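Student: Could you take me through one part of this model in detail, beginning with the metal site and working outwards to the elements around it? I would like a connected account rather than a list.

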Amino acid sequence: MSEVNPVDRGCGERGPVEGLHVRGVALPSEEAVEFWIKDGTLTREPVPGAVTAVDGGWLLPGLVDAHTHPGAERPGDSLDAALLRRHGREYLSAGVTLLRVPGSAERLPAWFGAEPDQPRVVSAGRWLALPGMFYEGWARHVGEAELADAAVEEALASGGWCKVYADWVVDEQGLDAPSLSVDRLAELTRRVHAVGGRVAVHAQTAEGARAAVEAAVDSLEHGLGLDVALLERMAGQNTALVPTFTVWATFEEVARSSRSNRFRQWFHAAHARLGPLVSAAYEAGVTVLAGTDSYGTAALPHGKVAGEVRHLAASPIPPEAAIGAASWIARSFLGFQGLEQDAPADLVAYDRDPRTDLSILDIPARVIHRGRIVR
Ligand SMILES: [Zn+2]
């Protein structure tokens, strides 16, 4: 990576850093823009001696996977630092410069999200679940009475988010298990907001999704059973929806091999209504974000948020909204700038307009991260 990086070259005997220069049509503004990059930051002020890294094509703020779990290969595995680093690089090389990791086996190490060859990371501490929910040995399991304290602790430790399970359905039993109560979840959300944190909630069932919306959490993950009547409320209180089509596509196989008719029927019906649900959410003004829910299995490799964009577009929602869900909309929701003066120089360039050809998202012509050429 470094041998093609003019910024690095500038740190050597050639004297001061020269910087980079990019130009193209920016999204979402559609303006022809020209930026220089100095000290990892975008500027409209020309930098003498800057090397042109992008000359034409389409410029997007760095891509985002808003729901992913790098650093392990199988449910139950502890966090593996070498894998975490490899997954981070896979994201960067695909143009994904920002990850939100809603839950991990252990709290993520500080270097992840900070080192030059790693994406920026918004984490959420350890998964929080009631006993019986989520994979045994992977979450921090706590009783309902202790959940709010634990959520505050994880949000403070992560510097932002916490992640809580409102329900858990991977087999027939999950369909009968009670979801987290609205009162508990609302109390937890108030407590986490009071310390400046945000709350991501896993919900697959109608009851779990209702609890999340009525508790006014910040993001609803999955939302398979979400009642469309709640969408307006979600839009009004800015609860984002992260439908994670990518993981559900892999569940088709899981459901097919299930011996439970009831689970199979539930999953197929829930999966089939996810597209129309996301369309309706978009129409209602809900913030829809792209998240793959990759957790490292062979079926869910890291770096593939472009596939989630295509799923979103197929819901259908407009291609621009689907791309924004993995770029400027997700960045703004997570508190990161787009392509503007003094913003961090995290961007991705394409030879063609991705809105008219979503397949181009797989082959970025250029990826710049923290002001350095990654690809
Ligand atoms: Zn997840």
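Tutor: What follows starts at the metal site and then moves outwards through sheets, domains and cores.

The model is a predicted one, and the values below should be read in that light. The zinc ion is coordinated by three residues, His67 and His69 through their NE2 atoms and Asp293 through OD, at 2.0 to 2.2 Å. Along the sequence these donors follow the spacing H-x1-H-x223-D. The pair His67 and Asp293 therefore links distant parts of the chain, 226 residues apart: His67 sits in the loop between β5 and α2 (81–93), while Asp293 sits in the loop between α9 (261–284) and α10 (305–313). His67 counts as buried because its relative accessibility is 0%, and Asp293, with a relative accessible area of 9%, is buried too because the limit for that class is under 20%.

The loop that holds His67 begins after β5, and this strand belongs to an open sheet of three strands, ordered β5-β6-β7, whose pairing is parallel. Its edges are formed by β5 (63–65) and β7 (120–123), each of which pairs on one side only, and the twist from one strand to the next averages 20°. Between β6 (residues 96–101) and β7, which run parallel, there are four bridges, and Val101 stands opposite Ser123 of β7.

Beyond β7, the loop that leads to β8 (127–129) contains Arg126. With a relative accessible area of 25%, Arg126 is partly exposed. Setting aside neighbours within four places in sequence, Arg126 is in contact with residues that include Gly103, Ser104, Glu106, Trp138, Arg140, Glu154 and Lys163. In addition, the C-alpha atoms of Arg126 and Glu153 lie 9.8 Å apart, although 27 residues separate the two in sequence.

A contrasting position is Ala240, which is placed in strand β13 (residues 240–242) and is buried, with a relative accessible area of 0%. Leaving aside neighbours within four places in sequence, the contacts of Ala240 are Asp218, Ser219, Leu220, Met234, Thr287, Leu289 and Phe333. Ala281 is 41 residues from Ala240 in sequence, with 9.5 Å between their C-alpha atoms.

To place these parts in the whole chain, one can turn to the domain assignment, which divides the chain into domain 1 (2–61 + 338–373) and domain 2 (63–333). Their centres, taken over C-alpha atoms, are separated by 30 Å, and the contact takes 21 residues from domain 1 and 23 residues from domain 2.

The segments of domain 1 can be followed through another open sheet, in which seven strands are arranged in the order β3-β2-β1-β4-β14-β15-β16 with mixed pairing. Here the edge strands are β3 (41–43) and β16 (372–373), each pairing on one side only. Within this sheet, β1 (residues 20–26) pairs with β2 (residues 32–38) in the antiparallel sense over six bridges, and Leu20 has Ile37 of β2 as its bridge partner. Six bridges also join β1 to β4 (residues 51–61), but these two strands run parallel, with Val22 standing opposite Val54 in β4. The pairing of β4 with β14 (residues 347–350) is antiparallel and extends over four bridges, one pair of partners being Trp58 and Tyr350.

The nonpolar cores complete the picture. Of the 96 residues in the largest nonpolar core, those that touch the most other members are Val164, Leu185, Leu188, Leu220, Leu226 and Leu312. Helix α9 gives the most to this core, with eight residues. Both domain 1 and domain 2 give residues to this core, so it lies between them. Around Leu185, apart from neighbours within four places in sequence, the contacts are Val164, Leu180, Val201, Ala211, Ala212, Ala215 and Val217. A second core, separate and made up of 17 residues, includes Val22, Ala349, Ile368 and Ile373.

How values were computed. Residues are numbered from 1 along each chain as its sequence is written. This is a predicted model: local features need pLDDT of at least 70, side-chain atom pairs count only at pLDDT 80 or more; totals for chains, interfaces and linings use all residues. Side-chain values use heavy atoms; hydrogens and water are left out. Two strands pair if DSSP finds at least two bridges between them. Axes are lines fitted to C-alpha atoms, for helices over the stretch in contact, and angles run from 0 to 180 degrees between N-to-C directions. Donors are N, O and S atoms within 2.8 Å of the metal (3.2 Å for Na, K and Ca); water is not among the atoms, so sites may look incomplete. Buried means under 20% relative accessible area, exposed over 50%, partly exposed in between (1.4 Å probe, protein chains only). A nonpolar core is a set of buried Ala, Val, Leu, Ile, Met, Phe, Trp, Tyr and Cys residues joined through side-chain atoms within 4.5 Å. Domain bounds come from an automatic or database domain assignment. Contact means heavy atoms within 4.5 Å.
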